[in-house]
Amino acid sequence: MKQDLIARYGGAAPRYTSYPTAPHFRDDIGATDYRQALSRLPAEDPVSLYLHVPYCDTLCWFCGCHTKITRRYRPVGAYVDTLIREMVLIADAAPQGLRMSQMHWGGGSPTLLREEDILRLARAAIALFRPVAGFEFAVEIDPRDTGFDRIAALAKAGLTRASIGVQDFDPLVQRAINRMQSFAETASVVGNLRECGVQNLNLDLMYGLPYQTKARTLATVQRALDLAPDRIALFGYAHVPWMKPHQRLIPEDALPGPGERLETFNAASELLVRAGYLKIGIDHFAKPTDSMAKAHAAGKLRRNFQGYTTDRADSLIGAGASAVSRLPDLYLQNAVPVHRYSDTVRQGKLPIAKGVSLSNDDRLRSAIIERIMCDFSVDLSALCKSQGAALSDIADALSRLERMASDGILTIEASVINIQPSGIPFTRQVAACFDTYFRNSSEKHSQTT
């Protein structure tokens, strides 16, 4: 990769798990807007449900999520009560009989929940939003707090897919990010999941962490391959200490530079592809038989706040502190502090803190950005036509793409954009050309390479 391209296009940009992105949500969108939007949902169209469990028992210094550290279980159990209450409030505002196609538990660490709370939370969700045929239930798993009984409870609750946090297997890297987790712990969880009948497994890895080298990263990827997961996510570490102060505990002089990060990612990608995985989007890999690989091949890959997804639902309902919901005309985010979230729910109110109402221009640009992030290609004329818009509505973006085209990042032919292989590391910068908020914002973001 030419260093001049990295210097020119390797700057900061959003990750585009939504558009508009979360920094542009406003506090004049609230519970009333949410309740009205829920009431307008078509009862016959399934939704997806995301439940956020913010609690962890240790702080991983690389983490960019909304989390709360606790050594006591009592607040965790009380939080489950509140989460169920919020789901009841949502179901009361939504059309009767609303069903769900997917449910995802994220965190934090959902596997911090005890077995009885896993079962009552899952049963409450399923009672309120009955699953449709082909329902998928996925949970993020921390091997350090997940014994066999907990996995058995998840399987009994209906778990169909597990996303297992790893990051890196090298002890030096683990110490630098405060996440000590042996390969044996991870392998044990994988074995227990399969023994309990959960066969669809994903491993989450990271590159760009302190003291990571290409050799260390490739060794971690190879050990991950030894576990034969269906998917591997290889995320780039986002160093944002101005947003997440605990990241200041990570030694910045031990972080690899942009060129080294990109070289490492490319080498890891090649290893995964040689092992039979298909490269999907900017950071996912899947076996050809996996549902994500099939969705990608069919041009039906989607992107939401959990990253790449096979979810086809038009609405994603988030519950829990900091959870984000996506409805046809709105994005909404719950209160982030757990105490504020819990107090609001206990008062019988939907805990919305902020959101954004989507304009026609937002919906057009959102659709374009999603296809760029998922397919590295978009037919602008066809997409504009489907949205009742004209190419002239995005003329500003087209003019910004010209320099990228001249640098070989992408091609533009008859309004079809195709990102070239050398340009894929800069996909977020291509997407940013269509982002009217980003160009007029002082918000800081992570580097794209």
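Helix α9 is followed by Gly 276, whose phi is positive, near 105°. The model that holds this helix is predicted. Its chain contains 16 helices and 19 strands. The radius of gyration is 21 Å, close to the 22 Å that the globule rule gives for 449 residues, so the chain is as compact as a globular protein of that length.

**The chain as a whole**

- The C-alpha trace spans about 60 × 50 × 40 Å along its principal axes.
- Of the 449 residues in the chain, 55% are buried.
- The chain exposes about 18300 Å², and carbon and sulfur atoms supply 51% of that area.
- When contacts between residues at least 6 apart in sequence are taken, 74% of them join residues at least 24 apart.
- The chain carries 52 positive and 48 negative charges, and the mean positions of the two sets are 2 Å apart.

**Helix α9**

- Helix α9 covers residues 258–274, which is 17 residues.
- From its first C-alpha to its last, α9 reaches 24 Å, close to the 24 Å expected at 1.5 Å a residue.
- The buried residues of α9 are Arg 261, Leu 262, Thr 264, Phe 265, Ala 267, Ala 268, Ser 269, Leu 271 and Leu 272.
- These buried residues pack against two helices, α1 (3–9) and α8 (214–226).
- They also pack against the strands β7 (200–207), β8 (231–236), β9 (278–280) and β10 (284–286).

**Helix α7**

- Helix α7 runs over residues 183–195 and has 13 residues.
- At 1.5 Å a residue α7 should span 18 Å, and its end C-alpha atoms are 18 Å apart, so the two values agree.
- Phe 183, Thr 186, Val 189, Val 190, Asn 192 and Leu 193 are the buried residues of α7.
- The partners against which those buried residues pack include the helices α5 (148–157) and α8.
- Strands β5 (131–141), β6 (161–167) and β7 are also among the packing partners of α7.
- Strand β7 and helix α8 therefore appear in the packing lists of α7 and of α9.
- Just after α7 comes Gly 197, with a positive phi of about 95°.

**An exposed residue: Arg 71**

- Arg 71 sits in the loop between strand β3 (68–69) and helix α3 (74–93).
- Its relative accessibility is 71%, so Arg 71 counts as exposed; the cut-off for exposed is over 50%.
- Beyond its neighbours within four places in sequence, Arg 71 is in contact with Asp 57 and Thr 58.
- Arg 71 and Arg 130 are 59 residues apart in sequence, and their C-alpha atoms are 34 Å apart in space.

**A buried residue: Ile 369**

- Ile 369 belongs to helix α12, which covers residues 360–375.
- With a relative accessibility of 2%, Ile 369 counts as buried, because the cut-off for buried is under 20%.
- Once neighbours within four places in sequence are set aside, Ile 369 is in contact with Tyr 16, Tyr 19, Ala 431 and Phe 434.
- Ile 369 and Ser 18 are 351 residues apart in sequence, while their C-alpha atoms are 9.0 Å apart in space.

**Cis peptide bonds**

- Most residues other than glycine have a negative phi, and most peptide bonds are trans.
- The bond that joins Tyr 19 and Pro 20 is cis, with omega at about -5°.
- Pro 20 is placed in the loop between α1 and α2 (31–39).
- Tyr 19, on the other side of that bond, is one of the contacts of Ile 369.
- A cis peptide bond also leads from Gly 107 to Gly 108, with omega near 15°.
- Gly 108 lies in the loop between strand β4 (100–107) and helix α4 (115–128).

**Positive phi outside glycine**

- Gln 167 is not a glycine, yet its phi is positive, at about 75°.
- Gln 167 is in strand β6, and its relative accessible area of 7% makes it buried.
- Ala 228 is not a glycine either, and its phi is positive, at about 55°.
- Ala 228 is in the loop between α8 and β8, and at 32% relative accessibility Ala 228 counts as partly exposed.

Note on methods: Residues numbered from 1 in each chain as written. Predicted model: local features only at pLDDT ≥ 70, side-chain atom pairs only at ≥ 80, totals over all residues. Heavy atoms only, no water. Helix = DSSP H or I, 4+ residues; strand = E, 2+ residues; numbered from the N terminus. Rg over C-alpha atoms; globule rule 2.2 N^0.38 Å. Buried < 20%, exposed > 50% of the residue type's maximum accessible area, 1.4 Å probe, protein only. Contact = heavy atoms within 4.5 Å. Areas by Shrake-Rupley, 256 points an atom, 1.4 Å probe, with all protein chains shown as cover. Lys, Arg positive; Asp, Glu negative; His and termini not counted. Charge placed at Lys NZ, Arg CZ, Asp CG, Glu CD. Expected span 1.5 Å × (residues − 1).
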